[in-house]
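Student: Please take me through a close look at one part of this model, residue by residue. I would like to know what its side chains touch and how that part fits into the chain around it.

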Amino acid sequence: MADGTESARTESAGASGGGAPPGGGPAPSPEDAYLERRTLRRGSAGPLLLTGLGVAYVVSGDFSGWNFGLAEGGFGGLAIAALLMGLMYACMVFALAELAAILPTAGGGYGFARRALGPWGGFLTGTAILIEYVLAPAAISIFIGDYVESLGLFGLESGWPVYLACFVIFIGIHLWGVGEALRFSLVVTAIAVAALLVFAVGALTDFDAGSLNDIPADHSSFGSSSWLPFGLLGIWSAFPFGMWFFLGVEGVPLAAEETRDPARTLPKAMAWSMGILLLLALLTFLAATGARGPSAVQDAGNPLVEALQPDGKATVLSRIVNYAGLAGLVASFFSLIFAGSRQLFALSRAGYLPRFLSLTSSRKAPFLGLLVPGAIGFTLAAWTGDGARMLNTAVFGATISYALMSLSHIVLRRREPGLERPYRTPGGTVTSSLAFVLACSALVATFLVDKDAAFIALGVYAVALAYFAFYSRHRLVAAAPEEEFAALAEAEAELSRD
C-alpha cells in the first residue's frame, strides 16, 4: 500500500472517536471505529424489492423522453437504436451481475473498477456514476412539476416549490430507512407498470403499421428512406434516446450491502429487472408510435397520453395514463436518489470524496449522502428549469461509466481467471466486450445530440479529477471494503511473483 493510503487510514479512524469503551474492555481498533460510523442496514432487501428497484430506476423513461429520438432517427432509426441499446444494457447487466457477486458492496461500479483498473479507474467510474445520479433526479423533478401542472393538481404550477417538495418528501422517506424506502418504491413502480400495460392494450387497438413511416425522408442524408428518414446517421443520433428505456438499471448493485445473500440475490434481481424492462420498452414503443404515428408523438412531453387522444380530447384511459406517468416519474426520482446516495457514500467512506459525507444516522441511512446531492439537484432544477439538458448531461456520465464497468469485467476475467465467481456471465468477455463497444458508440452519440450537455459533463469531470489528483488520492482509507478487496488482489499478485 502507498504511504498516503496507510496514514489516511490511521488518521481518519483515529478522528472517528475510537477509544476505550465506557464499561472497560478492549478498545475498538481505529479501523473498526471509523467504519462503525459508516455502516448501512444489512439484510433489508430481497429479490422482489431489488427487482422493483431495478424497474423503478427506469420506468419514467417509458412515459416520456424516448420519443424525442423519433426526431433524430424516425421510427426505423429509433427502433434500431433502442434494439442496440437494449443489447448493450443486457450484456452489461450480465457482466455487472458477475462483478456484484464477487464484490457485494455499496461501491457498485466504483468498487468493480477499483479492483480492475486501480484508484484512477475507480474514481473515474464513480464520478461518472455520480454525474448520472445527481443530475437525473434534478431533471425528473422538473418533469414531475410539468405533470403536476398539466393535471391541475391542487392548482400548482411547475416551479421551485414543487421541486422542493419532491426532494424534501422523498429524501425524508429515505432517511426513515432503506427497507421502508424500497417498499414505497415497489408500490409506486407497480402502479406505473400496471398503467403501461393498460396503455399498451388500449393503444394497440388503434395500431396502424402504415402510419409508422409518416415522418418525411430527408433525401440529403446518406441511406435515407421512408423507414430511416434521417439515414444511417439518424440511427446513431438516436442512441441516447434508445437508452432512456433502460437508463439506471445498472444501479441495482449499489444496494449490495443492504441485500440478503447478495451473491445469489443480485444476479437474479438484475436479470428479472432487465427482462421486465425489455418487455415494457417493446410494448410502449410499438403501441405509442402505431396508434397515431411517430410524427404525432415525436415532440410531446407526454407521448403516451398524446397517443390516446387523436382528437386532442382527454378520455378516461388517457387520464389514467397521465396520472400513472406521474407515478412513474416519482418511482424513478425516488430510486435514483437512493442510487446516488450509495455511490457517494462508498466514495466518501474510502476517502475519494470528503469523509464526512459517508456518516450514517442511527437508522443506518447515509444522511449527508442524501442531503448534499439533494441540495445540489434542487438548486440546479430551480436555477435552470432545463430538464432535457440535465438529462442529456446525465446520459453522458452514464455512458462513460458503462464503458469503464464493461472494461473492468474484461480485465478481471483475463488478469484473475481463478477468482471465485458465484455467478458467471454468459458468453464471458465476448458479452462485456460487446457492451464496451456499444457504450463507446453511445458516448460519441451524445455529442451528436447535445454538445453543450457533453461539455458541461466534461467540465464537472475535470474539476473532480483535479480534486482527486491533488488531494484525495493521497488520503484514501485502506479499511474501506472496496480498498481492502483491491489490496488483497495486490498482495496475492506479489506472492505469485515471489
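Tutor: A helix is counted here as a DSSP run of H or I at least four residues in length, a strand as a run of E at least two residues in length, and both are numbered from the N terminus. Counted in this way, the chain of this predicted model has 19 helices and zero strands. Of its 498 residues, 58% are buried, and among contacts between residues at least 6 apart in sequence, 81% join residues at least 24 apart. The accessible surface of the chain is about 18,900 Å², with 66% of it belonging to carbon and sulfur atoms.

The part to look at closely is helix α16, and N392 is a good place to begin. N392 belongs to helix α16, which covers residues 387–415. Because buried means under 20% relative accessible area, N392, with a value of 13%, counts as buried. What does N392 contact once its neighbours within four places in sequence are left aside? The contacts of N392 are then W244, D450 and A453.

One of these contacts, D450, leads to the charged residues around the helix. D450 forms a salt bridge with R389, in which the closest N and O atoms are 2.8 Å apart. This pair links distant parts of the chain, since R389 lies in helix α16 while D450 lies in the loop between α17 (429–449) and α18 (451–470), 61 residues away. The two partners also differ in exposure, because R389 is partly exposed at 27% relative accessible area, whereas D450 is buried at 11%. D450 is thus a residue that touches the buried N392 and also pairs with R389.

R389 has a further salt bridge, with D452, where the closest N and O atoms are 3.9 Å apart. Here too distant parts of the chain are linked, D452 being in helix α18 and R389 in helix α16, 63 residues apart. D452 is partly exposed, with a relative accessibility of 46%. Elsewhere, E98, R413 and R421 are joined into one network by salt bridges that share partners.

These pairs can be set against the rest of the chain, where a search of the whole structure finds seven salt bridges. One of the salt bridges brings together the side chains of E306 and R292, at 3.0 Å from N to O. E306 lies in helix α13 (residues 303–307) and R292 in helix α11 (residues 262–292), so this pair ties together parts that are 14 residues apart in sequence. Both partners are partly exposed, E306 with a relative accessible area of 25% and R292 at 25% relative accessibility.

For comparison with the charged pairs, a helix-to-helix contact is worth adding. Two packed helices are described by the angle between their axes and the distance between those axes. The axes of helix α14 (residues 316–349) and helix α15 (residues 367–384) come within 8 Å and cross at roughly 115°, and the crossing is right-handed. On the α14 side the contact is made by I337, S341, R342 and L344, and on the α15 side by L368, G369, L370 and P373. Sorted by class, the residues of this contact are five nonpolar, two polar and one charged.

Note on methods. Residues numbered from 1 in each chain as written. Predicted model: local features only at pLDDT ≥ 70, side-chain atom pairs only at ≥ 80, totals over all residues. Heavy atoms only, no water. Buried < 20%, exposed > 50% of the residue type's maximum accessible area, 1.4 Å probe, protein only. Contact = heavy atoms within 4.5 Å. Salt bridge = Lys/Arg side-chain N within 4 Å of Asp/Glu carboxyl O. Axes fitted to C-alpha atoms, helices over the stretch in contact; angles between N-to-C directions. Left-handed = near helix turned anticlockwise from the far one by under 90°. Nonpolar A, V, L, I, M, F, W, Y, C, P; charged D, E, K, R; others polar. Areas by Shrake-Rupley, 256 points an atom, 1.4 Å probe, with all protein chains shown as cover.
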